[in-house]
There are 2 protein chains.
Amino acid sequence: MTNRRDAVREILAHSEGFRSAQDIYAEMRAHGAKIGLTTVYRALQALADAGHIDVLRTDDGESVYRACVTGGHHHHLVCRRCGRTVEVAGPAVERWADAVGAEHGFTAITHTVEVFGTCPSCSAVASAS
Amino acid sequence: MTNRRDAVREILAHSEGFRSAQDIYAEMRAHGAKIGLTTVYRALQALADAGHIDVLRTDDGESVYRACVTGGHHHHLVCRRCGRTVEVAGPAVERWADAVGAEHGFTAITHTVEVFGTCPSCSAVASAS
DNA sequence: ACGGTTTTGACAACCGTTTTCATTCTGGCG
DNA sequence: CGCCAGAATGAAAACGGTTGTCAAAACCGT
């Protein structure tokens with residue numbers, strides 16, 4: 001079993017940035033794979049539950065997924081133009097978040113951090129045009 | 001035009017944490033206001049465009065809105081149980097985000113940071129039960 | 001090969017959001 | 001005051017992504 005699941009993981013593995021479910025579905029179809037949208041969603045959920053991939057929501061409400069190289073906790077630096085993603089560690093942020101939470105008496109602190117920017121090649125293109 | 005817009009802003013003003021559009025709509029209706037869901041959405045969008053309120057997406061895809069006291073850039077510390085929200089400034093994070101972006105050659109850096117935790121009163125309740 | 005279980009995928013249901021469009025309000029002008 | 005143009009409103013329909021349904025297909029140990 002899990003052929004489909006591995007197929008989905010494959011796609012994510014060789015992708016640079018975040019991919020949407022429908023995006024992945026489209027690619028698999030284009031590749032000739034016989035798979036249903038439902039199964040893609042299920043595979044994605046399973047992978048996310050297993051902690052093998054990251055999930056987050058776009059500003060327009062779409063879920064996007066990414067296979068993370070790093071095992072542990074980390075954040076992303078995402079190019080807002082081409083979607084290229086760099087994984088970054090942020091000890092300073094972790095500490096800050098905990099400190100800020102503690103300062104207000106909050107416990108069990110977690111946090112989400114996403115950094116957006118325009119990557120070198122994209123800013124080159126932008127300034128050239 | 002004492003817009004419904006102002007009415008919506010009112011609701012947000014006296015709310016502690018983030019409210020969803022439908023939530024606000026329900027409250028206005030309960031309050032006896034004759035207003036349509038459409039108008040609530042439009043008011044919310046207008047306020048967001050004008051920069052008077054914050055918008056962000058829940059993990060389950062709902063948009064939530066909040067009237068921000070502070071004018072400038074800031075982040076939120078949100079109680080994951082009761083939704084109480086504290087606005088926090090994080091110079092350290094701003095600097096970190098910019099630095100991390102610059103380090104990878106990214107320009108026009110922006111970032112989103114949300115800190116979640118259990119607030120003092122809620123953790124009291126939790127441990128009491 | 002054979003039942004029982006799991007996985008699959010076409011399709012419909014869902015849900016929050018957005019658009020459409022006819023109606024209502026508003027404010028200026030003759 | 002009456003009228004019209006433009007903006008605002010809201011009910012209902014459309015939309016898009018996601019999730020549920022359920023029958024058919026694949027898989028498994030026997």
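Me: Why is Ala108(B) called partly exposed?

Reply: Ala108(B) has a relative accessible area of 49%. Buried means under 20%, exposed over 50%, and partly exposed in between, with a 1.4 Å probe and protein chains only; therefore Ala108(B) counts as partly exposed. This is a predicted model, in which local features need pLDDT of at least 70 and side-chain atom pairs count only at pLDDT 80 or more, while totals for chains, interfaces and linings use all residues. Residues are numbered from 1 along each chain as its sequence is written, chains are lettered from A in the order in which they are written, and side-chain values use heavy atoms, without hydrogens and water.

Me: What makes the phi of Ala108(B) notable for a residue that is not a glycine?

Reply: The phi of Ala108(B) is positive, about 50°. Ala108(B) lies in strand β6 (residues 107-118) of chain B, a strand being a DSSP run of E with at least two residues, numbered from the N terminus.

Me: How do you know that Thr38(B) makes a polar contact with DNA strand D?

Reply: A side-chain N or O atom of Thr38(B) is 3.0 Å from a base nitrogen of DNA strand D. A polar contact is a pair of N or O atoms within 3.5 Å, so this pair qualifies.

Me: What makes the pair between Lys34(B) and DNA strand D a polar contact?

Reply: A backbone N or O atom of Lys34(B) lies 2.7 Å from a phosphate oxygen of DNA strand D, and the pair therefore meets the cut-off.

Technical notes. Polar contact = N/O pair within 3.5 Å; in protein donor to acceptor, adjacent residues only side chain to side chain. Helix = DSSP H or I, 4+ residues; strand = E, 2+ residues; numbered from the N terminus.
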